[in-house]
Amino acid sequence: MSRTALRICPLCEATCGLTLTIEGTRVTGARGDREDVFSRGFICPKGASFGAVDGDPDRLRTPLVRRDGELREATWEEAFDAVAAGLRPVVERYGPHAVGVVLGNPNVHTMAGALYPQVLLGALGTRSVFTASTVDQMPKHVSCGLLYGDANAIPVPDLDHTDHLLLIGANPLESNGSLCTAADFPGKLKALRARGGTLTVIDPRRTRTAKLADRHIAVRPGTDALLLAAMTYVLFDERLVDLGELAPHVQGVDEVRAQVRDFTPEAVAEACDVTADEIRALARELAAAPTAAVYGRIGSCTVPHGTLASWLVDVLNILTGNLDRPGGALFPQAATDRTPRPAGPGRGFALGRWHSRVSQYPEAKGELPLSALAEEIDTATAEGEPIRALIAVASNPVLSAPDGARLDKALDSLDFMVSVDPYLNETARHADVVLPPPPPSQSPHHDFAFNTLAVRNQVRYSRPAIPLEPGRMAETEILARLILAATGMHGADPAAVDTMVIDQTLAKAVKDPNSPVHGRDPGEVADRLTGDTGPERRLDMMLRLGPYGDGFGVRPGGLTLQQLLAHPHGIDLGPLTSRLPQPLKTRSGKVELLPQPIADDLPRLRQAMGERADGLVLVGRRHLRSNNSWMHNVPALTGGTNRCTLHIHPEDAERLGVVDGAPVRVKGAGGEVTAPAEITDGLRRGVVSLPHGWGHDRPGTRLNHASADPGVNVNQLLDGSLLDPLSGNAVLNGVPVEVTALSAPL
């Protein structure tokens with residue numbers, strides 16, 4: 001007999017509500033939840049394939065422990081015994097920095113990944129921290145940290161109300177949105193057009209999003225910051241700057257004016273391959289719109305000037321008065337945000353508090369560049385111990401980091417490695433212990449990170465749709481036990497981790513004069529928490545202390561876990577509203593429009609005005625039925641257009657003798673790969689494109705479907721030396737490559 005259950009989809013950033021059909025303990029169908037307060041029934045192919053993702057037969061069901069050189073099934077007790085025995089000697093002999101931690105993108109899609117990794121890092125005390133952010137979004141964190149004093153204060157476009165939306169390096173019809181959580185992003189863009197608004201897309205490819213646009217500018221890859229700087233110049237030159245109500249909250253306008261005086265449209269036109277008239281039109285249209293928002297994403301982040309491009313996105317929003325106003329770019333307010341403090345100066349945001357051991361890359365947001373992971377393992381220096389042990393949580397850097405072949409070898413040299421992953425993938429195959437979390441249907445879900453980026457304030461929570469299968473361990477318990485094993489407390493009750501976090505949080509809250517529990521007894525407050533598990537009690541605590549919470553009885557009717565459970569389709573908290581100056585944490589208490597690190601990096605951008613690549617350059621691409629390397633093992637989400645092919649323009653193909661469907665060799669600084677050519681006029685001349693996340697051809701994995709059609713790892717074309725210096729983000733787009741036609745069929 002079938003039943004239904006509600007579930008928030010964890011497969012991309014749109015966070016759509018699903019209604020699952022369940023037969024026994026198996027998800028047999030998924031459709032959009034029409035009553036969901038955020039997604040209103042929208043669903044994409046990934047969500048529709050939830051059951052296939054959830055029930056993938058290649059998902060590991062029991063831990064694996066390496067014995068006599070082979071990974072073999074083990075009990076949970078044996079697995080955590082091995083973790084403690086492998087990690088603690090490294091810490092005790094070489095210190096905590098000899099243990100590296102790699103956190104992958106899926107962490108922000110799970111409740112466990114949001115609640116426990118920071119506890120692990122704090123307890124372990126390592127500075128050898130690497131995440132997917134430095135092959136993706138770190139430039140946006142750094143630019144916002146410098147502008148607003150908080151690396152997580154990222155304004156998002158008010159999609160439902162804007163009159164003019166300019167997208168640069170973003171393809172939300174394929175990605176469903178990123179650093180901008182919006183269920184049915186495609187529908188919101190169509191609604192913008194239907195109400196008479198304007199959509200402009202800047203992208204070297206004619207993506208599905210670009211095809212929907214009123215204006216598409218096929219910019220030369222890697223020149224995003226030059227184009228945006230020239231638009232900024234036009235605003236000043238034509239006296240189009242109008243901060244409006246922002247003016248009292250902003251400092252540094254005149255300084256920005258002086259810094260962009262060289263970036264005239266004529267000066268950047270050749271480098272960008274965009275005419276000066278087009279650049280002026282972009283700036284004028286932005287300034288003339290009643291409301292407008294500029295939104296940049298991965299295409300403008302993973303380039304040599306990613307932080308400057310991200311900064312200029314916000315500069316344009318600010319100079320046109322569109323930051324922090326309805327229809328512009330606004331700061332969301334999540335239900336689990338910390339208790340809002342009064343507006344005023346804060347501690348600000350600092351870069352380079354420490355550096356990587358080998359190449360001396362500066363830290364950003366507590367992280368080192370993922371591109372540096374291999375050298376931090378395999379290179380000895382006098383600056384300290386190399387990484388000798390690694391904890392990888394939901395991470396596959398062999399495919400996601402540049403030069404995976406080098407990292408592949410480096411991982412084999414480790415003294416010990418533990419991987420928390422449902423699959424034995426290209427990275428996990430090197431581990432001494434693999435700890436597999438259960439499928440998403442058996443896990444609770446709340447979007448801690450994505451609600452801070454949502455285009456409408458709301459809150460939702462899903463309890464597990466299916467009880468935990470016998471022999472499985474909840475991901476929250478896996479990570480709690482991992483924390484204990486890594487920090488010398490192996491064998492303690494894993495519930496102690498949640499209790500510790502609750503006690504520490506409430507101890508601070510009762511001393512904070514801005515907290516609703518100021519002056520109260522922390523034990524009395526803790527006793528009022530509800531929830532069936534430690535993670536639920538932590539969620540209840542965060543809701544009640546948060547901006548909409550009941551303050552543990554101080555604000556009757558405010559949010560609690562019990563209230564959220566009584567609303568299974570979620571609670572709508574209203575549209576985004578103006579919040580400045582409250583979100584600002586800069587030392588001045590204002591938006592600091594020209595932070596010194598930005599000013600120091602602008603000469604490098606000026607130099608780029610005279611640079612132009614003569615040969616082919618490479619860009620990546622996304623597909624609606626994929627999310628990095630996660631889903632290539634699901635037959636329903638591969639095949640068709642979701643294939644690992646090299647997109648090449650017809651004129652480039654003819655010049656190089658490339659035939660559609662025939663193999664081509666693509667060579668970069670880090671190596672070469674061979675892939676079938678796909679000739680298309682969907683990208684500009686001089687640009688080729690390979691998708692990210694493929695390369696499932698390494699031995700020792702258990703990815704039967706993915707390995708049958710493995711594709712190639714685009715990141716193997718990179719040697720890891722190209723980084724945005726401010727953020728440490730890898731340069732993945734606009735890199736030079738050579739393409740050669742091959743005669744032998746694939």
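**Figure 1. Val65 faces Val433 where two strands meet.** Let us start small: Val65 stands opposite Val433 in strand S17. This is a predicted model, as are the views that follow. In the pairing of S4 with S17 (residues 433-435), the strands run antiparallel and two bridges join them. A second pair lies alongside, with Leu64 opposite Val434 in S17.

**Figure 2. A hairpin links S4 and S5.** Strand S4 covers residues 64-67 and strand S5 covers residues 70-73; they run antiparallel and are joined by four bridges. Look for Arg66, which stands opposite Leu71 in S5. What is special about Asp68 in the hairpin of S4 and S5? With two residues between the strands of this hairpin, Asp68 takes a positive phi near 55 degrees.

**Figure 3. Both strands of the hairpin belong to an open sheet of seven strands.** Reading across, the order is S5-S4-S17-S16-S15-S6-S7, and the pairing is mixed. Which strands sit at the edges? They are S5 and S7 (129-131), each of which pairs on one side only. On average, neighbouring strands of this sheet are turned by 20 degrees against each other, direction ignored.

**Figure 4. Helices H3 and H5 meet the sheet.** Helix H3 (residues 76-94) lies across S4, S6 (99-103), S15 (389-393), S16 (416-420) and S17. Its direction is about 125 degrees from that of S17. Helix H5 (residues 117-124) also packs on the sheet, where it touches S6, S7 and S15. The direction of H5 makes about 165 degrees with that of S6.

**Figure 5. Helices H12 and H13 pack at an angle.** A helpful idea for this view and the next: two packed helices are described by the angle between their axes and the distance between the axes. For H12 (residues 265-272) and H13 (residues 276-288), the angle is about 110 degrees and the axes are 8 Å apart. H12 and H13 are therefore roughly perpendicular to each other, and the crossing is right-handed. H12 brings Pro265, Glu266, Val268 and Ala269 to the contact, while H13 brings Ala276, Ile279 and Arg280. By class, five residues of this contact are nonpolar, two are charged and none is polar.

**Figure 6. Helices H15 and H24 cross.** Here H15 (residues 306-319) meets H24 (residues 596-608): their axes come within 10 Å and cross at roughly 115 degrees. H15 and H24 are therefore roughly perpendicular to each other. Is the crossing of H15 and H24 left-handed or right-handed? The crossing of these two helices is left-handed. The contact is built from Thr307, Leu308 and Trp311 of H15, together with Ile598, Asp601, Leu602 and Leu605 of H24. Among the residues of this contact, five are nonpolar, one is polar and one is charged.

**Figure 7. Six strands close into a barrel.** You can follow the strands in the order S21-S25-S22-S24-S23-S26, with mixed pairing. From one strand to the next, the twist averages 45 degrees. For a closer look, find S22 (residues 646-648) and S25 (residues 687-689), which run antiparallel and are joined by two bridges. In this pair, His647 stands opposite Ser689 in S25.

**Figure 8. Stepping back to the whole chain.** The chain has 26 helices and 26 strands. Its radius of gyration is 25 Å, close to the 27 Å that the globule rule gives for 746 residues, so the chain is as compact as a globular protein of that length. Taken along the principal axes, the box filled by the C-alpha atoms is roughly 65 × 65 × 60 Å.

Notes. Residues numbered from 1 in each chain as written. Predicted model: local features only at pLDDT ≥ 70, side-chain atom pairs only at ≥ 80, totals over all residues. Heavy atoms only, no water. Axes fitted to C-alpha atoms, helices over the stretch in contact; angles between N-to-C directions. Parallel < 35°, antiparallel > 145°, perpendicular 65-115°, else oblique. Left-handed = near helix turned anticlockwise from the far one by under 90°. Contact = heavy atoms within 4.5 Å. Nonpolar A, V, L, I, M, F, W, Y, C, P; charged D, E, K, R; others polar. Pairing = 2+ DSSP bridges. Rg over C-alpha atoms; globule rule 2.2 N^0.38 Å.
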